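Colleague: I am new to this structure and should be grateful for a guided reading of its interior. May I put some questions to you?

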Amino acid sequence: MKRSRINDIMRAADEMIRAHGFVLPPFAYWTPEEFRRRTDAARIVDTRMGWDITDYGQGDFDRQGLFLFTLRNGDLSDLERGRGMCYAEKLLISRQDQLSPMHTHRIKAEDIINRGGATLAVQLHGSDADGNFDIAAGGHVLCDGIVREYAAGEVLKLAPGESVTLMPGDWHAFWGEGGDVLIGEVSTVNDDLTDNVFREDIGRFSEVEEDEAPLHLLVSDYDAWLR
């Protein structure tokens with residue numbers, strides 16, 4: 001993705017988030033230069049909090065892509081011990097008909113919440129005995145605390161305020177239906193480097209073409225720009 005496009009997506013996302021009554025934390029607005037000068041940002045960098053924009057390496061963000069901002073994130077060592085900061089929170093924006101492709105997580109359980117906008121469509125599939133995608137398998141999820149059985153390939157339609165709880169092995173894809181959707185994600189510790197398992201052979205992060213200076217750093221910029 002071109003850096004200029006990423007910058008434009010950041011500006012539009014911030015506007016949409018504010019329009020729904022949310023405000024991003026102060027570190028969201030640090031410039032790259034300010035980020036480099038900070039001596040107190042190690043936790044943000046190490047847990048990869050911040051801006052995250054991906055086209056999944058496919059080169060067509062409008063068709064297949066996702067905006068994310070990780071607001072807070074714990075540490076996998078706490079999760080392994082079963083105490084401490086074992087949780088994470090994100091804001092996402094899924095545009096109309098913009099696919100976030102079929103995937104699951106080996107560790108992370110997550111609540112996906114329609115925070116406002118249009119309908120959030122979530123397609124579900126179950127797993128085989130080894131946790132692999134099973135085109136014929138259904139399963140069950142929690143929708144706002146109510147158990148709901150789903151058939152293989154069923155699409156849940158979540159209106160603003162509604163949510164679904166996904167466990168490891170619940171394969172899912174999602175998109176905005178009828179318009180753009182602001183999504184909340186509340187989960188166990190988030191590890192986007194190793195805990196995203198896609199059905200197709202695609203990448204989690206995008207390669208960036210530096211056609212202009214970054215407005216803000218992406219989490220995928222941290223290693224190259226800050227370490």
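Modeller: Certainly; please note that the model is predicted. A starting point is Tyr56, which is buried, as is Phe198.

Colleague: Which kind of aromatic pair do Tyr56 and Phe198 form?

Modeller: The search of the whole structure finds 8 aromatic pairs. In the pair of Tyr56 and Phe198, the ring centres lie 5.6 Å apart and the planes meet at 75 degrees. Planes over 60 degrees apart count as edge-to-face. The pair of Tyr56 and Phe198 is therefore edge-to-face.

Colleague: How many residues apart in sequence are the parts that the pair of Tyr56 and Phe198 ties together?

Modeller: Tyr56 lies in the loop between strand E1 (50-54) and E2, whereas Phe198 belongs to strand E11 (residues 197-198). The pair therefore ties together parts whose separation in sequence is 142 residues.

Colleague: Is Trp171, the partner of Phe133, buried or exposed?

Modeller: The rings of Phe133 and Trp171 form an edge-to-face pair, with centres 5.6 Å apart and planes at 85 degrees. Phe133 lies in the loop between E5 and strand E6 (139-143) and Trp171 in strand E10, so this pair ties together parts 38 residues apart in sequence. Phe133 has a relative accessible area of 17% and is buried. Trp171 has a relative accessible area of 3%, and buried means under 20%, so Trp171 is buried.

Colleague: Which strand gives the largest share of the lining of the largest cavity?

Modeller: The largest cavity has a volume of about 140 Å³, and 18 residues line it. Strands E2 (66-73), E3 (87-94), E4 (100-104), E5 (110-125) and E10 (171-188) each supply at least two residues of this lining. The largest share, 3 residues, comes from E10.

Colleague: How many charged residues does the lining of the second largest cavity have?

Modeller: The second largest cavity holds about 40 Å³ of space. Its lining consists of Phe27, Ala28, Trp30, Phe35, Trp51, His216, Leu217 and Tyr222. By class, 7 of these are nonpolar and 1 is polar, and the number of charged residues is none.

Colleague: How many disulfides are counted?

Modeller: Cys86, at 18% relative accessibility, counts as buried, and Cys143, at 14%, is likewise buried. A disulfide requires a pair of cysteine sulfur atoms within 2.5 Å. By this rule the number of disulfides is 0.

Methods
Residues numbered from 1 in each chain as written. Predicted model: local features only at pLDDT ≥ 70, side-chain atom pairs only at ≥ 80, totals over all residues. Heavy atoms only, no water. Buried < 20%, exposed > 50% of the residue type's maximum accessible area, 1.4 Å probe, protein only. 1 Å grid on protein atoms, 1.4 Å probe; cavity = no way out; pocket = protein on both sides within 12 Å on 5 of 7 lines; lining within 4 Å. Points joined across faces, edges and corners; volume = space filled by probe spheres on them. Helix = DSSP H or I, 4+ residues; strand = E, 2+ residues; numbered from the N terminus. Nonpolar A, V, L, I, M, F, W, Y, C, P; charged D, E, K, R; others polar. Phe/Tyr/Trp six-rings, centres within 6.5 Å; stacked < 30°, edge-to-face > 60°.
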